[in-house]
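Let's take a walk through this structure together. Have the coordinates open and follow along as we go from one residue to the next.

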Amino acid sequence: QVQLVESGGGSVQPGGSLRLSCAASGSVSSIVLMAWYRQRPGKEREVVANITPGGNTNYLDSVKGRFTISKTNDRRTVYLQMNNLKPDDTAIYYCNVNILVDVTIEARWGRGTQVTVSS
């Protein structure tokens, strides 16, 4: 099993930056994808960015050029660097990993960390 703990959320003014971290423990060798999701007020949860063990990344269109996902080679930490934050980025941000269990892919989630962008 894999356990996830996020940190780094907080309140920031528009144009500011935050760096989220997610520490993974347990069977990290089973991780096949690491990602950040967010749930904005009144909206459904959406994927913000993901990264494969090989380092390939994908981003939500609205964060391209502002957010950067990265990870450590041992898959124990995944980061989300968020620059030029906008009020619309206000959300609870969740760390997510997909793990391989036998021949099945299962998702694991952190508890989330609040990001508030406001003047």
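Arginine 108 is buried, because its relative accessible area is just 16%, and a buried residue is one under 20%. Keep in mind that we're looking at a predicted model here. You'll find arginine 108 in strand β10. What does its side chain pair up with? Arginine 108 makes a salt bridge with glutamate 106, with the closest N and O atoms 2.8 Å apart. Glutamate 106, for its part, counts as partly exposed, since its relative accessibility is 28%. Now look at what else surrounds the arginine: skipping neighbours within four places in sequence, arginine 108 is in contact with Gln1, Val2, Leu4, Cys95, Asn96, Val97 and Ile99.

Stay on β10 for a moment, which spans residues 104-109 and also holds isoleucine 105. Isoleucine 105 is partly exposed, because its relative accessibility comes to 48%. Together with Val32 and Leu100, Ile105 makes a nonpolar surface patch of about 240 Å².

Just before this strand, the loop between β9 and β10 is where aspartate 102 sits. If you like checking backbone angles, this one deserves a click: aspartate 102 has a positive phi, near 55°, without being a glycine. Aspartate 102 is exposed, with 72% relative accessible area. Another residue to check in the same way is arginine 75, also not a glycine, with a positive phi of about 65°. Arginine 75 belongs to the loop between β7 and β8, and counts as partly exposed because its relative accessible area is 23%.

Back to charges. Side chains of opposite charge can pair when their charged atoms come close. How many salt bridges does the structure hold? There are seven. One of them joins the side chains of aspartate 89 and arginine 38, at 3.0 Å from N to O. This pair ties together distant parts of the chain: aspartate 89 is in the loop between β8 and β9, arginine 38 is in strand β4, and their positions lie 51 residues apart in the numbering. Are the partners buried or exposed? Aspartate 89 is buried, given its 2% relative accessibility, and arginine 38 is buried too, at 1%.

For another setting, try the salt bridge between the side chains of lysine 64 and aspartate 61, again 3.0 Å from N to O. Here aspartate 61 counts as exposed, because its relative accessible area is 60%.

The aspartate 89 and arginine 38 story doesn't end with two residues. Arg38 and Asp89 belong to a network of salt bridges that also links Arg40, Glu46, Arg66 and Asp88. Take aspartate 88, which lies in the loop between β8 and β9. A polar contact of 2.6 Å joins its side chain to that of arginine 40. Leaving out neighbours within four places in sequence, aspartate 88 touches Arg38 and Arg40. If you measure to proline 14, you'll get 9.6 Å between the C-alpha atoms, for residues 74 places apart along the chain.

The loop between β8 and β9 also holds threonine 90. Threonine 90 is buried, because its relative accessible area is 16%. What lies 2.9 Å from a polar atom of the threonine 90 side chain? That would be the backbone nitrogen of valine 117. Beyond residues up to four places away, threonine 90 touches Arg40, Pro41, Gln114, Val115, Thr116 and Val117.

Finally, let's head into the nonpolar interior. The largest nonpolar core has 28 residues, among which Trp36, Leu80, Met82 and Tyr93 touch the most other members. At least two residues of this core come from each of β1 (2-7), β3 (18-26), β4 (31-39), β5 (46-51), β7 (67-71), β8 (77-82), β9 (91-101) and β11 (113-117). Which strand gives the largest share? Strand β9 does, with five residues.

Tyrosine 93 is a good place to stop and look around. Setting aside residues up to four places away in sequence, tyrosine 93 touches core members Trp36, Leu80 and Met82. Its contacts also include Glu6, Leu20, Tyr37, Val48, Phe67, Gly112, Thr113 and Val115. Arg38 is on the contact list of tyrosine 93 as well, and that is the arginine we met in the salt bridge with aspartate 89.

Technical notes
Residues are numbered from 1 along each chain as its sequence is written. This is a predicted model: local features need pLDDT of at least 70, side-chain atom pairs count only at pLDDT 80 or more; totals for chains, interfaces and linings use all residues. Side-chain values use heavy atoms; hydrogens and water are left out. A nonpolar core is a set of buried Ala, Val, Leu, Ile, Met, Phe, Trp, Tyr and Cys residues joined through side-chain atoms within 4.5 Å. Buried means under 20% relative accessible area, exposed over 50%, partly exposed in between (1.4 Å probe, protein chains only). Helices (H or I, at least four residues) and strands (E, at least two) are DSSP runs, numbered from the N terminus. Contact means heavy atoms within 4.5 Å. Patches are made of residues with over 30% relative accessible area and no salt bridge: like charges are joined within 9 Å, nonpolar side chains (Val, Leu, Ile, Met, Phe, Trp, Tyr) within 5 Å. Accessible areas come from the Shrake-Rupley method with a 1.4 Å probe; for residues, only the protein chains shown count as cover. A salt bridge is a side-chain nitrogen of Lys or Arg within 4 Å of a carboxyl oxygen of Asp or Glu. A polar contact is a pair of N or O atoms within 3.5 Å; within protein, one must be able to donate a hydrogen and the other to accept it, and residues adjacent in sequence count only if both atoms are side-chain atoms.
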